[in-house]
Amino acid sequence: MIYGLELIILGILAVPSLLLSRKPDAKELLDKITPYQGWIGVVFCIAGLWGIVQCILNLNWLSFVPLVWIMWTLVSVVQAALGFIMGYGLIAKYVLSKNPKSAEKGEQLLAKLIPLQGKLGIAAIILGAVYIVLTIIY
């Protein structure tokens with residue numbers, strides 16, 4: 001259930017305009033979180049990548065709980081993508097700066113993901129809610 005809550009929070013951080021349209025007083029809270037957004041993104045990116053690896057290693061779940069495995073995979077992919085977008089500054093500074101080719105590929109990936117940030121944020125909120133429901137059911 002915590003995984004779903006984390007995903008909802010990540011979605012809200014990725015699409016702050018959605019939260020601000022509903023609660024204009026939330027700007028203060030978002031301003032407090034903004035300095036930590038890069039680190040939050042890095043943590044979520046690593047967690048998402050780890051989730052993708054775990055999904056691949058647990059392909060056998062498809063035979064007995066396919067819906068859970070599909071949700072797990074979707075959640076991990078969205079988490080890794082949003083984490084990469086939010087934490088790109090730190091990732092580029094500490095990881096990609098050592099190799100020009102990897103820095104270039106990172107910029108290309110970011111350029112592909114930036115237009116999808118709003119959709120991924122909304123998907124994260126929806127997937128987080130569905131993941132919580134699935135956690136309660138299973």
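How much area does the protein expose, and what share of it do carbon and sulfur atoms supply? In this predicted model, the exposed area comes to about 8500 Å², with 72% of it supplied by carbon and sulfur atoms. As for the interior, 38% of the 138 residues count as buried.

Let's turn to the fold. You will find eight helices and zero strands here, so to speak a chain that reads α-α-α-α-α-α-α-α along the sequence. Take the contacts between residues at least 6 apart in sequence: 76% of them join residues at least 24 apart.

A good place to look at packing is helix H6, which covers residues 66-94. Its axis and that of helix H8 (residues 117-137) come within 10 Å and cross at roughly 145 degrees, and the crossing is left-handed. On the H6 side, the residues that meet H8 include Leu67, Trp72, Val78 and Ile85; among their counterparts on H8 are Leu120, Gly121, Ala124 and Tyr131. Sorted by class, this contact has 15 nonpolar residues, two polar ones and no charged ones.

Now follow H6 to its meeting with helix H7, residues 100-113. These two helices pack at an angle of about 115 degrees, their axes 10 Å apart, and this crossing is left-handed. H6 contributes Ala81, Phe84, Ile85 and Tyr88, while H7 brings Ala103, Gly106, Glu107, Leu109, Leu110 and Leu113. The class count for H6 with H7 is eight nonpolar, one polar and one charged. Do keep an eye on Ala81 and Ile85 of H6 as you rotate the model: they take part in the contact with H8 and also in the contact with H7.

Conventions: Residues are numbered from 1 along each chain as its sequence is written. This is a predicted model: local features need pLDDT of at least 70, side-chain atom pairs count only at pLDDT 80 or more; totals for chains, interfaces and linings use all residues. Side-chain values use heavy atoms; hydrogens and water are left out. Axes are lines fitted to C-alpha atoms, for helices over the stretch in contact, and angles run from 0 to 180 degrees between N-to-C directions. Helices (H or I, at least four residues) and strands (E, at least two) are DSSP runs, numbered from the N terminus. A crossing is left-handed if the near helix is turned anticlockwise from the far one by less than a right angle, and right-handed if clockwise. Contact means heavy atoms within 4.5 Å. Ala, Val, Leu, Ile, Met, Phe, Trp, Tyr, Cys and Pro count as nonpolar, Asp, Glu, Lys and Arg as charged, and the others, Gly among them, as polar. Buried means under 20% relative accessible area, exposed over 50%, partly exposed in between (1.4 Å probe, protein chains only). Accessible areas come from the Shrake-Rupley method with a 1.4 Å probe; for residues, only the protein chains shown count as cover.
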